[in-house]
Each structure stands twice: as structure tokens, then as C-alpha cells.
Amino acid sequence: MSQTANVLFDAPGPKTRRRNLIVGVIATAVLVLIALGILWGLRDQYTPEKLAIFADPTTWTSAILPGIVNTLQAAVISIVLAALLGTLLGLGRLSEFAPLRGLCTVIVEFFRAVPVLVMMFFTYSLVIYVLIPAGVPLQGPLVSLVAVVTGLTLYNASVIAELIRSGMHSLPSGQREAGLAVGLTPSQTRTSILLPQAVTAMLPSLVSQLVVVLKDSALGSIVLYPELLRSLNTLASNYGNTIASLTVAAILFILINLALTTLASFVQRRMAKRGGRSVQQITEQAGLPTAV
């Protein structure tokens, strides 16, 4: 038996590693054959005639690049608003004030249950039939942007609120007790001690949620928002290269998500290197009495 062992099971021995290698090679070969079969079946969709449009600089400046900009615009606004609202809701769910805690719980559970597309449709209809007749100056793509941002913000804020709440609950109880012992109020303890550590601990999950926001921005095409997927769908309808256009869209989304994940990983490493502030540092900075 192997000398090193995992918490759940023993490390595989030579025979198991050899068997796993064989299974892995066979599985990889099968997946490669399936991929080649799909590409062979779609060979008529990747002809030079159907791909030539993507070599034209006008295609990028008039359709693809504006679509990328609109996608990033909706995603960035939604991420910022969802982070702020999610943090407030997460803290509200931990409040000692029962009515506030109950209200935040209802909001979080409601918007977690409602599909993002339904919220986009509802907001779009609200703007068209209520706000614009009431004199609100919204028109054109701005109407769709409001609908997309609202749907993404409300759903992802509720998810982030749960991440924040679970992250704060996962911290050792001694953190809260130490904050209270040195004179911090429960609210100060949550915001100054528990929240920074919870955000650091839950950062991988928060990064995954940012990727979800970016991908879900493609739903904006349903409410006529000119994001990347809608721009390439319009291009495909004009040139009859739907598969090629969707492939380009998929590649661009993958590249954008990889860039976002790389940036978030860099921030995570910086935050982990800096570490959270100690209770002593927080109380000294706030000018509060320290424990004796």
C-alpha cells in the first residue's frame, strides 16, 4: 500500500495508477473521436466562404467589437451593483433587528427563485409601459440595458448575499467573541472583522459568480440588447453562417471569461498575501478600548 494517504481514501498504488492511466487514455481517445466526428459533420459550416466575413475589419468595428463593449458594459455595471446590494442583504440577514432580517430574507429567497430572464422581461415591460409614459427619459438600447442590468443585479445580489452569509457563518466563533470582548458592537464586529475575512474566504465562489454574470448577459439578446451574441446572430442572419458565428461567439466568451478569472485570481492572491486585519489592529484604528 502507498505510504501517503488521503483523508478519505488511500493513495492509489502502482496497479491502480496504471489502470487509471489506461482508462484516461481510452476516454480521451473517445472524446477526440467524438469531437472529430462533430467537426466532420459540420465541415460545410466552416468553409472559407463562411469564414471570410470575420477577416473583414469592418465586421469587427461595426458588429463584434460594439457587441463586446455592450456585453462588458452590462456585466461590469451588474457586478458592481450586485456586489454592493448582495453585501447589504447578506449583512441584513445577520442583523439582530428581526424585521430587517426577515425583509432581507424574503428579498433574497424571492430573487433567487425567479429566473433571470423573467426579471429582464418584467423590467423591460415596466420601462416600456409605465416609466416611459410617466416621462422617464429612456429610449433605444438604454431600455434594454436597464432591463438586463436589473435582472442580473437582483439575481446575483441574492446569490452573493448567501455567499457572504455562509462565509461569515463559517468563520470561527472566537472571531466574533473577540470583537465583542474588546468593545465592538455586533454591527462593528460583522463589518470590520467578519466581513473582510468572509469575502477573502468566499472569493473563489464570488469569482465563479462573476463569470455567471458575464455569461448571463447573453440573455439580453432576448430583450433586444445589442450585446455580443445578438450582434453575431444578426451577422449570421445576413451571411448564412450561423454555426461559424456562434463558434466565434463561444471563443470570445471563453477568452473574456479567462481574462476575468485571471484578474480575479490575481486579486485573490494579493488579498491572501495581505491577510485580514487582527482584532487588535481594528480596535486601535477605531480608537476603541482594547482588552486587558
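Here are three short exercises with worked solutions on the salt bridges and nonpolar cores of this predicted model.

**Exercise 1. Work out which parts of the chain the salt bridge between Glu162 and Arg93 ties together, and whether its two residues are buried or exposed.**

Step 1: Start with the contact itself. The side chains of Glu162 and Arg93 form a salt bridge, with 2.2 Å from N to O.

Step 2: Place each partner. Glu162 belongs to helix α6 (residues 141-170) and Arg93 to helix α3 (residues 57-93), so this pair links parts that lie 69 residues apart in sequence.

Step 3: Check the accessibility, remembering that buried means under 20% relative accessible area. Glu162 has 14% and is therefore buried. Arg93, at 13%, is buried as well.

**Exercise 2. Follow the salt bridges of Arg112 and find the network they belong to.**

Step 1: Look within the helix. Arg112 pairs with Glu109, and their closest N and O atoms are 3.6 Å apart. Both sit in helix α4 (residues 98-113), 3 residues from each other, so about one helical turn separates them.

Step 2: Ask how open this pair is. Arg112 has a relative accessible area of 39%, which makes this residue partly exposed. Glu109 is also partly exposed, at 37%.

Step 3: Now look across to another helix. Arg112 forms a salt bridge with Glu162 too, again with 3.6 Å between the closest N and O atoms. Since Glu162 is in helix α6 and Arg112 in helix α4, this pair ties together parts 50 residues apart in sequence.

Step 4: Join the pieces. Through shared partners, salt bridges connect Arg93, Glu109, Arg112, Glu162 and Arg165 into one network. For the wider picture, the structure holds 5 salt bridges.

**Exercise 3. Describe the largest nonpolar core and the surroundings of Phe54.**

Step 1: Find the best-connected members. The core has 27 residues, and those touching the most other members are Phe54, Ile64, Val148, Leu228 and Leu232.

Step 2: See which helices contribute. At least two core residues come from each of α3, α5 (116-131), α6, α9 (203-216), α10 (228-239) and α11 (242-274). The largest share, 6 residues, is supplied by α11.

Step 3: Zoom in on Phe54. Setting aside neighbours within four places in sequence, Phe54 contacts Trp60, Ile64, Leu232, Leu235, Asn241, Ala244, Ser245 and Val248.

Step 4: Look beyond this core. A separate core of 21 residues includes Met168, Leu171, Ile193 and Leu206.

Definitions and conventions:
Residues numbered from 1 in each chain as written. Predicted model: local features only at pLDDT ≥ 70, side-chain atom pairs only at ≥ 80, totals over all residues. Heavy atoms only, no water. Salt bridge = Lys/Arg side-chain N within 4 Å of Asp/Glu carboxyl O. Helix = DSSP H or I, 4+ residues; strand = E, 2+ residues; numbered from the N terminus. Buried < 20%, exposed > 50% of the residue type's maximum accessible area, 1.4 Å probe, protein only. Core = buried A, V, L, I, M, F, W, Y, C linked by side-chain atoms within 4.5 Å. Contact = heavy atoms within 4.5 Å.
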